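Have a look at the model below before reading on. The notes that follow walk through its cross-links and charge pairs, plus a couple of backbone oddities.

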Amino acid sequence: MYYYRYENAEVNCCYKYLMFSYNVIFWLAGVALIAAGLWAWSEKGILMDLTQVTRMHGFDPVWLVLVVGGLTFTLGFAGCVGALRENICLLKFFSGVIGCIFTLELVVVVLAFVFQGQLREWIKSLFLANIRAYRDDIDLQNLIDSLQKMNYCCGAEGPNDWDLNVYFSCNDTHLSRERCGVPFSCCIQDPADTVVNTQCGYDTRNRPMREWGEHIYLKGCVIAMEEWLPGNIITVTIVFAVISVLQDKNEKSEST
């Protein structure tokens with residue numbers, strides 16, 4: 001039996017170890033994201049009863065963590081093994097997926113620009129659906145609170161959107177202490193406060209509407225995000241450009 005050895009490696013040595021090191025980081029990041037997602041589900045008891053996944057009413061952020069983690073893990077693993085073993089099939093798979101992701105990014109940006117009105121309505125509907133499920137999932141609750149605090153906003157289009165939530169609704173048929181209020185993340189916080197007052201939104205919408213602005217944010221989060229994008233378009237462009245360059249370098253290193 002004869003063994004043949006190529007005089008020149010199919011993959012350049014420098015690119016080989018550079019790509020291996022680069023993808024080890026992504027592989028470890030994927031492992032960390034998957035572990036974090038599974039831990040979050042275990043804390044909510046979903047791993048003990050997977051049927052709970054089908055009974056969720058709002059968006060569970062853990063899904064996003066698991067999907068991104070799974071994709072990152074798969075790509076990182078393919079890149080690491082492909083570079084280390086000089087496996088052209090794995091490298092082509094990695095390159096193809098990166099190319100698809102890059103194309104998808106361009107398509108999403110173009111469609112978002114062309115169909116701005118429909119996108120706005122979709123985001124609004126999504127936000128309202130998750131307002132209804134605000135108390136159903138702690139991760140969703142934290143996500144909405146973070147969005148409202150970071151963007152200084154309340155609800156999708158305003159504080160009255162919280163009427164859709166059974167706990168904050170002004171409906172007379174229930175006796176929730178949060179009735180006719182808003183979450184604490186809608187409140188205008190005093191910078192001098194060292195402890196967050198989680199009850200600051202109670203009975204807010206029972207007051208005359210002219211007084212709301214003294215206690216809570218009046219701007220809707222959809223409007224706030226629309227205003228944020230033009231002012232940060234340079235930052236968004238730079239981030240997108242950096243991601244594109246990194247993806248392009250990956251593809252070139254695999255074809256070398």
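What follows covers the disulfides, then the salt bridges, then the backbone. Keep in mind that this is a predicted model.

**Disulfides**

Let's start with the sulfurs. There are four disulfides in the structure. Three of them are set out here.

| Disulfide | S to S distance |
|---|---|
| C153 and C221 | 2.0 Å |
| C170 and C180 | 1.8 Å |
| C187 and C200 | 2.2 Å |

Take C153 and C221, whose sulfur atoms sit 2.0 Å apart. C153 is in the loop between α5 and α6 while C221 belongs to helix α6, so this disulfide ties together parts that are 68 residues apart in sequence. Both ends are hidden from the outside: C153 is buried at 0% relative accessibility, and C221 is buried at 1%. The torsion about their S-S bond is about 85°, so the link is right-handed.

Next comes the disulfide joining C170 to C180, with an S to S distance of 1.8 Å. Each of these two cysteines lies in the loop between α5 and α6, so the bond ties together parts ten residues apart in sequence. Here the ends differ in their surroundings: C170 is partly exposed, at 24% relative accessible area, whereas C180 is buried at 3%. A torsion of about 110° makes this disulfide right-handed.

For C187 and C200, the sulfur atoms are 2.2 Å apart. Both cysteines lie in the loop between α5 and α6, with their positions 13 residues apart in sequence. This link is right-handed too, with 110° about the S-S bond. C187 is buried, at 4% relative accessibility.

How do the bonded cysteines pair when numbered in sequence order? The pattern is 1-8, 2-5, 3-4, 6-7.

Two further cysteines are worth a glance for their accessibility: C89 is exposed at 63%, and C100 is exposed at 55%.

**Salt bridges**

On to the charges. The structure holds seven salt bridges. In one of them E226 meets R120, and their closest N and O atoms are 2.7 Å apart. Since E226 is in helix α6 (residues 221-231) and R120 in helix α4 (residues 116-132), the pair ties together parts 106 residues apart in sequence. Both partners are partly exposed, E226 at 39% relative accessible area and R120 at 22%.

Another salt bridge runs between E178 and R135, where the closest N and O atoms are 2.2 Å apart. E178 is in the loop between α5 (138-151) and α6, and R135 in the loop between α4 and α5, so parts 43 residues apart in sequence are tied together. E178 is buried at 13%, but R135 is partly exposed at 31%.

E227 also pairs with K219, at 2.8 Å between the closest N and O atoms. E227 is partly exposed at 46%, as is K219 at 36%. Salt bridges with shared partners also build a network out of R120, K124, E157 and E226.

**Backbone**

Last stop, the phi angles. Most residues other than glycine have a negative phi. Which way does Y152 go, positive or negative? Its phi is positive, near 50°. Y152 is in the loop between α5 and α6, and it is exposed with a relative accessible area of 54%.

D203 likewise has a positive phi, about 60°, without being a glycine. D203 lies in the loop between α5 and α6 and is partly exposed at 29%.

How values were computed:
Residues are numbered from 1 along each chain as its sequence is written. This is a predicted model: local features need pLDDT of at least 70, side-chain atom pairs count only at pLDDT 80 or more; totals for chains, interfaces and linings use all residues. Side-chain values use heavy atoms; hydrogens and water are left out. A salt bridge is a side-chain nitrogen of Lys or Arg within 4 Å of a carboxyl oxygen of Asp or Glu. Helices (H or I, at least four residues) and strands (E, at least two) are DSSP runs, numbered from the N terminus. Buried means under 20% relative accessible area, exposed over 50%, partly exposed in between (1.4 Å probe, protein chains only). A disulfide is a pair of cysteine sulfur atoms within 2.5 Å.
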